[in-house]
Amino acid sequence: MIKQVDLLKLELDVIPKYLILRDLEKTAKDNVELTCLKKAVMKSKWVNHIISQQLNDGSWGTFHSMSQNINTKVTTEQALRRLIILGLDSSDKPIKKIVEYMEKHLLGEIELKDRPEKKHNWTLFTHLIVATWLRIIDPDNQLAYEVAKDWADVITGAFSSSTYNSCDYKEAYYDIHKVSKDKCMLNFTNFYIVALLPRLLPEEIELKFIDYILNSTQGIYYIYDRPLNIQPDKFNSKQANRYINAYELLSKYTYSKSKLTRFKDWLLDNIQEDGFWDMGQVSKDNIQFPLSDSWRVPLKRKIDCTLRLQRLLYKI
């Protein structure tokens with residue numbers, strides 16, 4: 001096996017260095033170097049590009065639908081995803097502002113700016129997507145927990161037999177959500193539900209749930225639309241980038257490690273001889289990448305790719 005490179009021995013831009021110290025080195029939050037780096041992260045061009053578009057109410061315009069957004073170049077959840085990837089957390093002012101906005105929505109004080117979609121029970125759907133992002137930011141958020149607990153009960157009902165049962169799913173869905181039976185979210189293998197439920201399912205149910213996702217022909221909707229048990233043809237591809245996104249979600253589950261060994265082997269098989277991973281220029285999506293200030297120097301791209309996968313391997 002090729003040995004992974006020690007990134008801390010390299011000349012790093014501020015965001016990669018901060019993420020290494022925070023997530024891989026587990027540096028104490030009050031560490032002077034980490035604190036200084038965080039201040040520099042907040043002043044970085046990538047962070048400022050996003051927070052400069054944040055509106056006074058804390059949002060970035062529409063929450064979910066880009067096609068309806070006229071105020072900013074990103075949706076609120078795109079901005080949130082990017083800021084979290086760049087190292088921001090619940091202690092930072094831009095995140096506090098959007099948390100307050102999302103909590104107001106769950107409390108019924110404000111509506112999202114998105115145009116309602118007729119195919120869903122719109123209130124149920126917006127509460128799902130907002131609660132998901134609140135739990136990503138703060139797993140202990142009580143308002144989000146109340147939404148998540150209902151969905152955990154639905155999924156528990158769906159897998160209460162030896163395998164998934166669609167009739168059990170629908171029965172639990174209608175019983176718990178108390179919604180009209182003409183609208184049911186049939187595809188629960190989507191980003192929001194998968195990202196919402198870590199640490200909420202009983203072990204037996206969680207393992208069945210993960211197995212179902214891994215063997216689904218649909219992947220994880222909004223993230224990856226192909227079977228997760230089939231590896232991408234090319235590592236340096238948009239497809240592989242999205243494939244990894246899906247496994248990053250699954251890595252958050254308590255009992256997932258035993259299910260992810262094949263994926264872990266695939267990652268290790270794709271380390272280059274110099275100890276780096278490199279997903280290529282095509283992986284630059286302005287959400288996941290870049291972390292470094294610029295990719296004009298290929299080494300910076302390799303640092304960003306390697307850091308991402310080292311952080312993921314640390315979890316699995």
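A residue counts as buried here when its relative accessible area is under 20%. Keep that cut-off in mind as we walk through this predicted model. S65 has 11% relative accessibility, so S65 counts as buried. You will find S65 in the loop that links α3 (45–51) to α4 (76–85). Setting aside neighbours within four places in sequence, the contacts of S65 are T75 and D114.

Let's turn next to helix α12, which spans residues 261–269. Its buried residues are F263, W266, L267 and L268. These buried residues of α12 pack against two other helices, α11 (238–250) and α13 (298–315).

Following the chain onward brings us to the loop between α12 and α13, where both N286 and P290 lie. Some background on the backbone helps here: most residues other than glycine have a negative phi, and most peptide bonds are trans. Against that background, N286 has a positive phi, near 60 degrees. At 44% relative accessibility, N286 counts as partly exposed, because that class lies between buried, under 20%, and exposed, over 50%. P290 brings another backbone feature: the peptide bond joining F289 and P290 is cis, with omega at about 0 degrees.

Our last stop is R199, in the loop between α9 (191–196) and α10 (203–215). R199 is not a glycine, yet its phi is positive, at about 70 degrees. On the surface, R199 also gathers with K26, K252 and K315 in a patch of positive charge. So what should you look for if you colour the surface by charge? Look for the positive patch formed by K26, R199, K252 and K315.

Notes: Residues numbered from 1 in each chain as written. Predicted model: local features only at pLDDT ≥ 70, side-chain atom pairs only at ≥ 80, totals over all residues. Heavy atoms only, no water. Patch = residues over 30% accessible without salt bridge, like charges linked within 9 Å, V, L, I, M, F, W, Y side chains within 5 Å. Areas by Shrake-Rupley, 256 points an atom, 1.4 Å probe, with all protein chains shown as cover. Salt bridge = Lys/Arg side-chain N within 4 Å of Asp/Glu carboxyl O. Lys, Arg positive; Asp, Glu negative; His and termini not counted. Charge placed at Lys NZ, Arg CZ, Asp CG, Glu CD. Helix = DSSP H or I, 4+ residues; strand = E, 2+ residues; numbered from the N terminus. Buried < 20%, exposed > 50% of the residue type's maximum accessible area, 1.4 Å probe, protein only. Contact = heavy atoms within 4.5 Å.
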